[in-house]
Amino acid sequence: MNIAIPSKGRSSNIRTMEILKGYDKTKIFIFVEPKEYELYLKNYGDFSTIININNTDRGIAFVRNYIIDFFNSKNIDYVWIIDDDVTHLHYRYKYNNEKKY
């Protein structure tokens with residue numbers, strides 16, 4: 001599964017990258033503004049693909065739509081969009097009709 005991380009102002013501290021250690025780096029995409037592209041490339045280019053959104057200060061809705069358009073243009077139907085400050089992921093399932101985490 002491809003993972004998209006919209007990020008701004010965290011070129012040296014994307015907390016989400018800590019929980020993605022060991023994940024296939026060709027499936028992690030960080031979407032950033034042009035003014036921060038080089039900083040993200042320097043700090044995370046070895047662990048992910050950095051995508052320049054070619055716009056500045058358009059807001060998170062713009063970036064999320066950009067991400068959807070980006071993956072649609074590559075005929076990729078599924079992608080997780082995860083914030084850049086996520087520290088934990090949990091798996092949720094049902095067992096005997098009870099919700100467990």
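# Salt bridges, rings and cores in a predicted model

Q: What makes the pair of Glu33 and Lys8 a salt bridge?
A: In this predicted model, the closest N and O atoms of Glu33 and Lys8 are 3.5 Å apart. A salt bridge requires a side-chain nitrogen of Lys or Arg within 4 Å of a carboxyl oxygen of Asp or Glu, so the pair of Glu33 and Lys8 qualifies. By this rule, the count for the model comes to 7 salt bridges.

Q: How do we know that the pair of Glu33 and Lys8 links distant parts of the chain?
A: Glu33 is placed in the loop between E2 and H2, whereas Lys8 is placed in the loop between E1 and H1. The two residues are 25 residues apart.

Q: Why is Glu33 called buried, and why is Lys8 called partly exposed?
A: The relative accessible area of Glu33 is 5%. Buried means under 20%, so Glu33 is buried. Lys8 has a relative accessibility of 44%. This value lies between the limits of 20% and 50%, and Lys8 therefore counts as partly exposed.

Q: What makes Lys8, Glu33, Lys35 and Asp57 a network?
A: These four residues are linked by salt bridges. Besides its bridge to Lys8, Glu33 meets Lys35 at 3.8 Å, N to O. Lys35 in turn forms a salt bridge with Asp57, with the closest N and O atoms 4.0 Å apart. The bridge of Lys35 and Asp57 also links distant parts of the chain, for Lys35 is in the loop between E2 and H2, Asp57 is in the loop between strand E3 (49–52) and H3, and they are 22 residues apart.

Q: Why are Lys35 and Asp57 called exposed?
A: Lys35 has a relative accessibility of 54%, and Asp57 has a relative accessible area of 52%. Exposed means over 50%, so Lys35 counts as exposed, and so does Asp57.

Q: What makes the pair of Phe31 and Tyr66 edge-to-face?
A: By the rule for rings, the model has 8 aromatic pairs. The ring centres of Phe31 and Tyr66 are 6.2 Å apart, and their planes stand at 70 degrees. Centres must lie within 6.5 Å, and planes over 60 degrees apart count as edge-to-face, so this name applies to Phe31 and Tyr66. Phe31 lies in strand E2 (residues 28–32) and Tyr66 in helix H3 (residues 60–73), so the pair ties together parts that are 35 residues apart in sequence.

Q: Why is Phe31 called buried, and why is Tyr66 called partly exposed?
A: With a relative accessible area of 1%, Phe31 is under the limit of 20% and is therefore buried. Tyr66, at 23% relative accessibility, falls between 20% and 50%, so Tyr66 counts as partly exposed.

Q: Why is the aromatic pair of Phe62 and Tyr66 called tilted?
A: The distance is 6.4 Å centre to centre, with 40 degrees between the planes. Planes under 30 degrees apart count as stacked and those over 60 as edge-to-face; the angle for Phe62 and Tyr66 is neither, so the pair is tilted. Both residues lie in helix H3, 4 residues apart, about one turn of the helix. Phe62 and Tyr66 also belong to a cluster that ring pairs form with Phe29, Phe31, Phe70 and Phe71.

Q: How do we know which elements give two or more residues to the largest nonpolar core?
A: The largest nonpolar core has 13 residues, and those with the most contacts inside it are Ile5, Ile14, Met17, Ile30, Tyr40 and Tyr44. The elements that give two or more residues to this core are E1, E2 and helix H2 (37–44). The largest share, 3 residues, comes from E2. Apart from this core lies another, of 9 residues, among them Phe31, Ile51, Ile53 and Phe71.

Q: Why is Ser11 called buried?
A: Ser11 has a relative accessible area of 13%, and buried means under 20%, so Ser11 is buried. Ser11 is found in the loop between strand E1 (2–6) and helix H1 (16–19). Not counting residues up to four places away in sequence, Ser11 touches Leu39, Tyr40, Asn43 and Tyr44.

Q: Why is Leu89 called partly exposed?
A: At 49% relative accessibility, Leu89 does not pass the limit of over 50% for exposed and is not under 20%, so it counts as partly exposed. Together with Met1, Ile19, Tyr23, Tyr78 and Trp80, Leu89 makes a nonpolar surface patch of about 630 Å².

Technical notes:
Residues numbered from 1 in each chain as written. Predicted model: local features only at pLDDT ≥ 70, side-chain atom pairs only at ≥ 80, totals over all residues. Heavy atoms only, no water. Buried < 20%, exposed > 50% of the residue type's maximum accessible area, 1.4 Å probe, protein only. Contact = heavy atoms within 4.5 Å. Phe/Tyr/Trp six-rings, centres within 6.5 Å; stacked < 30°, edge-to-face > 60°. Patch = residues over 30% accessible without salt bridge, like charges linked within 9 Å, V, L, I, M, F, W, Y side chains within 5 Å. Areas by Shrake-Rupley, 256 points an atom, 1.4 Å probe, with all protein chains shown as cover. Core = buried A, V, L, I, M, F, W, Y, C linked by side-chain atoms within 4.5 Å.
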